[in-house]
There are 2 protein chains.
Amino acid sequence: MGQGRNQYQIIRSALCEQIESGALPAGTKLPPERQLSESFGTTRVTLREALSSLEADGMVYREDRRGWFVSPERIVYDPTVNTNFHTMVKGQGRMPETRLISAALVPATTKIQKLLQLPPLTPVYRVQRLRLVDQRTVLYVENYINPEYFPGLLDQDLQQPLSDIYRTHYSTRYSKVNFRLYPVGIHDEAATHLKVTSGSSGLLVTRINHDKKKRLIDCDFEYWRQDAIVITAQARK
Amino acid sequence: MGQGRNQYQIIRSALCEQIESGALPAGTKLPPERQLSESFGTTRVTLREALSSLEADGMVYREDRRGWFVSPERIVYDPTVNTNFHTMVKGQGRMPETRLISAALVPATTKIQKLLQLPPLTPVYRVQRLRLVDQRTVLYVENYINPEYFPGLLDQDLQQPLSDIYRTHYSTRYSKVNFRLYPVGIHDEAATHLKVTSGSSGLLVTRINHDKKKRLIDCDFEYWRQDAIVITAQARK
DNA sequence: AAGTGGTCTAGACCACGGA
DNA sequence: CCGTGGTCTAGACCACTTA
């Protein structure tokens with residue numbers, strides 16, 4: 001299983017083995033870096049090389065300045081299913097939570113304009129939120145919403161799922177019309193909140209409402225932690 | 001655009017800007033690490049931190065012991081489309097190529113057994129290949145094939161698309177039935193060939209043949225370089 | 001043979017978390 | 001306050017590529 005001849009790969013394998021064997025169960029906090037590096041007879045730099053590579057593979061995660069932890073089971077996310085975060089997470093026996101960072105009317109960037117098919121200089125609602133599973137931040141989402149369809153949206157309680165607000169207050173139901181997976185390229189704002197370097201992946205989802213014209217109402221950028229998500233989908237038949 | 005206060009983030013931003021502005025066109029070889037680190041008034045370690053983070057975002061790539069390069073435009077890959085690598089790449093005006101690493105009858109691992117719904121101890125064909133775009137390795141694929149449907153497959157010319165072999169020699173056409181995206185977790189064999197640490201993402205595809213029983217004929221594990229692919233797909237309507 | 005990236009050492013200071 | 005992770009320095013040796 002990839003022993004490798006380099007130190008950091010040997011350390012990687014050793015930690016990997018401990019995790020897969022169950023000796024280090026999910027959620028366990030690893031010993032301090034200085035202690036670990038001494039145990040392996042190396043320096044912190046090399047040890048961190050090994051830990052970073054495990055992080056990129058989603059086997060461990062870090063909490064800023066608190067330490068390294070063994071990753072829990074990944075959430076499975078199927079973007080083709082027309083459900084929401086809370087339903088999906090609860091369905092897998094985990095505890096979902098949403099925290100609002102900000103909600104405001106902002107000028108649409110060129111990119112958002114195109115995505116929502118809006119004329120130039122249109123302001124849009126931007127909602128920035130964090131999503132947690134079992135108390136841990138696993139996702140940063142940025143929603144851009146066409147304000148024409150949702151006047152006064154900012155006065156609503158944005159801690160609840162947007163889909164609930166759309167349905168309850170605007171009688172709007174939607175479908176996800178397409179998604180794009182960016183294997184890379186974490187947004188700066190997301191990086192600030194997720195506090196990860198390589199351990200995240202991006203996803204773009206757009207939605208249309210179910211009226212006759214099927215207009216685009218919303219698009220969002222989702223930045224998931226690598227250790228927190230497995231994306232799965234069925235192909236078109 | 002994420003200046004950051006740390007050195008490596010400043011360097012990151014600087015390089016990022018140069019690339020996005022077009023001052024460093026796709027394919028450009030960056031100056032040697034020692035020279036770059038001196039230019040930025042820092043050490044190689046810090047410079048490499050910046051480069052690695054750009055690699056994780058797919059903006060640059062490395063060729064083992066040859067240097068760092070600005071990434072070309074990404075290939076767009078839609079896993080729900082029932083096409084193959086060569087068609088897809090040529091359709092985007094790029095030059096595809098396939099190299100066979102090995103093809104053999106091997107004992108199925110437990111995982112493969114389950115995926116192909118085979119009884120225990122069944123041997124399967126394993127085909128390992130590299131795929132290149134414009135001379136550059138961007139993908140490592142491992143195919144596991146149910147030998148019951150393709151007797152003598154190893155005698156075929158495996159440089160050509162498997163789909164062509166299936167159709168020409170076995171009168172079999174297939175659909176992709178599902179795929180899974182692993183945002184992380186590069187396979188060891190793949191790592192050997194792709195020579196990347198964080199710059200890759202995995203994909204699992206299974207296929208069924210078009211006969212009345214629609215049996216699983218094949219599954220493959222694809223490991224893409226992060227800088228080489230954008231995955232996109234349409235949701236179920 | 002020279003230059004380069006891949007890896008590693010043995011330290012250091014800072015800012016933040018937790019007691 | 002101390003211990004921790006986050007960041008950084010100024011070197012080093014090796015294996016490989018390139019000329």
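Leaving aside its neighbours within four places in sequence, which residues is A:Arg207 in contact with? The model is predicted, and this report starts at that side chain before moving to helices, loops and DNA.

**A:Arg207 and its surroundings**

The contacts of A:Arg207 beyond four places in sequence are A:Asn143, A:Tyr174, A:Ser175, A:Lys176, A:Val177, A:Arg215, A:Leu216, A:Ile217, A:Asp218, A:Asp220 and A:Glu222. A:Arg207 itself sits in strand β8 of chain A, residues 200–209. Its relative accessibility is 8%, so A:Arg207 counts as buried. The cut-off for that label is under 20%. One of the listed contacts is also a polar one: the side chains of A:Arg207 and A:Asp218 meet at 2.8 Å.

**Helix α6 of chain A**

Helix α6 of chain A covers residues 162–170. Its buried residues include A:Leu162, A:Ser163, A:Ile165, A:Tyr166 and A:Tyr170. These residues lie on the same side of α6(A), because they cover an arc of only 165° around the axis. Strands of chain A help to cover them, including β5 (123–133), β6 (136–145), β7 (174–182) and β9 (216–225). After α6(A) comes A:Ser171, with a positive phi near 50°.

**Positive phi in loops**

Chain B has a residue of this kind too. B:Ser171 is not a glycine, yet its phi is positive, about 50°. B:Ser171 belongs to the loop between α6 (162–170) and β7 (174–182) of chain B. Is B:Ser171 buried or exposed? Its relative accessible area is 68%, so B:Ser171 is exposed.

Back in chain A, A:Leu121 is not a glycine either, and its phi is positive at about 70°. A:Leu121 is placed in the loop between α5 (110–116) and β5 of chain A. With 83% relative accessibility, A:Leu121 counts as exposed.

**Helix α1 of chain A**

How far apart are the end C-alpha atoms of α1(A)? They are 21 Å apart. The helix has 15 residues, and at 1.5 Å a residue the expected span is 21 Å, so the two values agree. The buried residues of α1(A) are A:Ile11, A:Arg12, A:Ser13, A:Leu15, A:Cys16 and A:Ile19. They pack against α3, β1 (60–63) and β2 (67–70) of chain A. A:Gly22 follows α1(A), and its phi is positive, near 95°.

**DNA strand C**

DNA strand C is surrounded by 22 residues. The closest are A:Gln7, A:Thr42, B:Glu33, B:Arg34 and B:Arg48. Of the strand C atoms that come within 4 Å of the protein, sugar and phosphate make up 65%. Both chains contribute helices to this surface. At least two residues each come from α1 (7–21) and α3 (44–56) of chain A, and from α2 (33–39) and α3 (44–56) of chain B. By class, the surface near DNA strand C has four nonpolar, seven polar and 11 charged residues.

**DNA strand D**

Around DNA strand D there are 23 residues. Nearest are A:Arg44, A:Arg48, B:Gln7, B:Thr42 and B:Arg66. Sugar and phosphate account for 67% of the strand D atoms that come within 4 Å of the protein. Helices α2 (33–39) and α3 of chain A each supply at least two residues of this surface, as do α1 (7–21) and α3 of chain B. The surface near DNA strand D divides into four nonpolar, seven polar and 12 charged residues.

**Polar side-chain atoms at the DNA**

The table lists side-chain distances to atoms of the two DNA strands.

| Residue | DNA atom | Distance |
|---|---|---|
| A:Thr43 | phosphate oxygen, DNA strand C | 3.2 Å |
| A:Arg65 | base nitrogen, DNA strand C | 3.5 Å |
| B:Arg65 | base nitrogen, DNA strand C | 3.1 Å |
| A:Arg34 | base nitrogen, DNA strand D | 2.9 Å |
| B:Tyr8 | phosphate oxygen, DNA strand D | 3.3 Å |
| B:Arg44 | base nitrogen, DNA strand D | 3.4 Å |

On strand C, A:Arg65 and B:Arg65 each face a base nitrogen, while A:Thr43 has a phosphate oxygen as its partner. On strand D, base nitrogens pair with A:Arg34 and B:Arg44, and a phosphate oxygen with B:Tyr8.

Note on methods. Residues numbered from 1 in each chain as written. Chains lettered and ligands numbered in written order. Predicted model: local features only at pLDDT ≥ 70, side-chain atom pairs only at ≥ 80, totals over all residues. Heavy atoms only, no water. Near = heavy atom within 4 Å. Polar contact = N/O pair within 3.5 Å; in protein donor to acceptor, adjacent residues only side chain to side chain. Helix = DSSP H or I, 4+ residues; strand = E, 2+ residues; numbered from the N terminus. Nonpolar A, V, L, I, M, F, W, Y, C, P; charged D, E, K, R; others polar. Buried < 20%, exposed > 50% of the residue type's maximum accessible area, 1.4 Å probe, protein only. Arc of directions from axis to C-beta. Contact = heavy atoms within 4.5 Å. Expected span 1.5 Å × (residues − 1).
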